[in-house]
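I opened the notebook to look up charged side chains. The entries below follow the order in which I checked them.

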Amino acid sequence: MSQHAAASRSDDRSDAASGASGDAPLDFDSTAPPTATATATVDGRPVRYAEYGADSGTPVLLWHGTPGSSLLGALYDAAARDRGVRLLVPERPGFGRAPAWEDRTLADAGPIARAILDDAGVERAGAVGFSGGGAQALAAAATTDRVTAVDLVSTSVPPEMREAPPLAQRLLEGAATHTPRLLGAVLRGQARLAERRPSLALAQLTDDTDALSDREATLAARDFLAGIARSRRGLVAETRLLGSPWELPPLDPSVPVRLWHGADDGNVPVAGARRFAEELGAEATVLDDADHLTALLDTRERVLDRQRGD
């Protein structure tokens with residue numbers, strides 16, 4: 001697709017908090033609503049994003065997982081406010097209420113990042129990617145000069161870096177490649193079941209629910225479900241992308257990359273994350289007794305401190 005990105009601001013801060021928008025917003029948590037929601041455009045295609053944290057300050061793009069939504073920002077909101085960090089949280093095509101892009105590639109993270117930064121009046125920003133959002137954060141840094149630093153939290157890794165990926169992941173990637181319509185139908189049924197039993201969604205992210213506060217558990221489950229409740233097309237497309245060679249340009253060596261990963265991550269085994277960090281020349285921090293979600297919760301403050309340059 002063209003690299004040209006046109007951005008048009010649609011700041012509906014009051015609608016985000018009240019639910020009065022013509023296109024009903026996602027069910028944002030009332031204790032941490034976004035400071036604003038907006039829509040930018042890339043070649044005429046809408047790109048939705050939400051803002052959390054400080055109204056102004058150090059800008060950081062926060063890329064949600066696969067699946068996920070801009071609701072991920074609520075989990076970072078308090079830490080961002082305390083540190084004067086302005087979080088810009090894209091809702092990638094096909095997730096949440098964002099329309100799907102049939103031809104999306106990882107390289108499209110660059111135009112998406114540029115459109116959002118232009119729309120928000122930001123020249124350059126850091127990037128934090130959780131789980132499948134790690135690939136997006138890297139792609140944005142590799143395909144634009146607008147990213148200052150990258151933090152990868154419980155990140156997915158390219159297929160060549162994996163060691164014995166979980167069976168469920170292999171089955172998902174195979175179905176996303178060969179039978180995407182069937183996979184979408186299966187995921188629709190699973191999404192409906194998980195809406196009735198949110199603990200099923202949470203179980204996809206952590207084995208240690210006792211380590212979470214009630215609010216953290218609610219927000220994490222809600223973020224996961226928001227990514228698939230309306231459409232499964234984003235998850236199907238991105239599962240296929242992440243299971244194929246990433247084929248990204250080399251990163252600018254002046255942009256630091258840091259990797260944060262749980263030693264007990266069952267979604268992305270730590271051995272592959274270590275290899276990926278070595279390939280990237282990234283600073284790697286492995287957290288003992290942390291899994292896919294608890295690594296995110298345990299590192300929020302440290303990640304944002306590093307993004308501020310502390």
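Entry 1. I am working from a predicted model. I began with Asp310, which is exposed because its relative accessible area is 51% and the cut-off for exposed is over 50%. I then looked for its partner and found Arg308: the two form a salt bridge, with the closest N and O atoms 2.3 Å apart. Arg308 has a relative accessibility of 36%, so I noted Arg308 as partly exposed.

Entry 2. I ran the search over the whole structure and got 12 salt bridges. I took up two further pairs and one network.

Entry 3. How far apart are the closest N and O atoms of Glu51 and Arg86? I read 2.9 Å for this salt bridge. Glu51 sits in strand S2 and Arg86 in strand S4, so the bridge ties together parts of the chain 35 residues apart in sequence. I then asked whether each partner is buried or exposed. Glu51 is buried, because its relative accessibility is 4% and buried means under 20%. Arg86 has a relative accessible area of 13%, so I entered Arg86 as buried too.

Entry 4. I went on to Arg45, which is in strand S2 (residues 45–53). The side chain of Arg45 meets that of Asp103 in a salt bridge, at 3.1 Å from N to O. Asp103 lies in the loop between strand S4 (85–91) and helix H3 (109–120), and the pair links distant parts of the chain, 58 residues apart. Arg45 is at 23% relative accessibility, so I put Arg45 down as partly exposed. Asp103 is also partly exposed, because its relative accessible area of 45% falls between the limits of 20% and 50%.

Entry 5. Which residues are linked in a network of salt bridges? I found Arg92, Arg104 and Glu238 joined in this way.

Entry 6. I turned to the surface and looked for gathered charge. I found a patch of negative charge made up of Asp207, Asp208, Asp210, Asp264, Asp288 and Asp289. I picked Asp210 from the patch for a closer look and asked where it is found. Asp210 is in the loop between helix H7 (198–202) and helix H8 (214–226). Asp210 counts as exposed because its relative accessibility is 75%, and the cut-off is over 50%.

Entry 7. For cross-reference, I listed strand S2 as holding both Arg45 and Glu51. Their salt-bridge partners are Asp103 and Arg86.

Terms used:
Residues are numbered from 1 along each chain as its sequence is written. This is a predicted model: local features need pLDDT of at least 70, side-chain atom pairs count only at pLDDT 80 or more; totals for chains, interfaces and linings use all residues. Side-chain values use heavy atoms; hydrogens and water are left out. Patches are made of residues with over 30% relative accessible area and no salt bridge: like charges are joined within 9 Å, nonpolar side chains (Val, Leu, Ile, Met, Phe, Trp, Tyr) within 5 Å. Accessible areas come from the Shrake-Rupley method with a 1.4 Å probe; for residues, only the protein chains shown count as cover. A salt bridge is a side-chain nitrogen of Lys or Arg within 4 Å of a carboxyl oxygen of Asp or Glu. Lys and Arg count as positive and Asp and Glu as negative; His and the chain ends are not counted. The place of a charge is taken as NZ of Lys, CZ of Arg, CG of Asp or CD of Glu. Helices (H or I, at least four residues) and strands (E, at least two) are DSSP runs, numbered from the N terminus. Buried means under 20% relative accessible area, exposed over 50%, partly exposed in between (1.4 Å probe, protein chains only).
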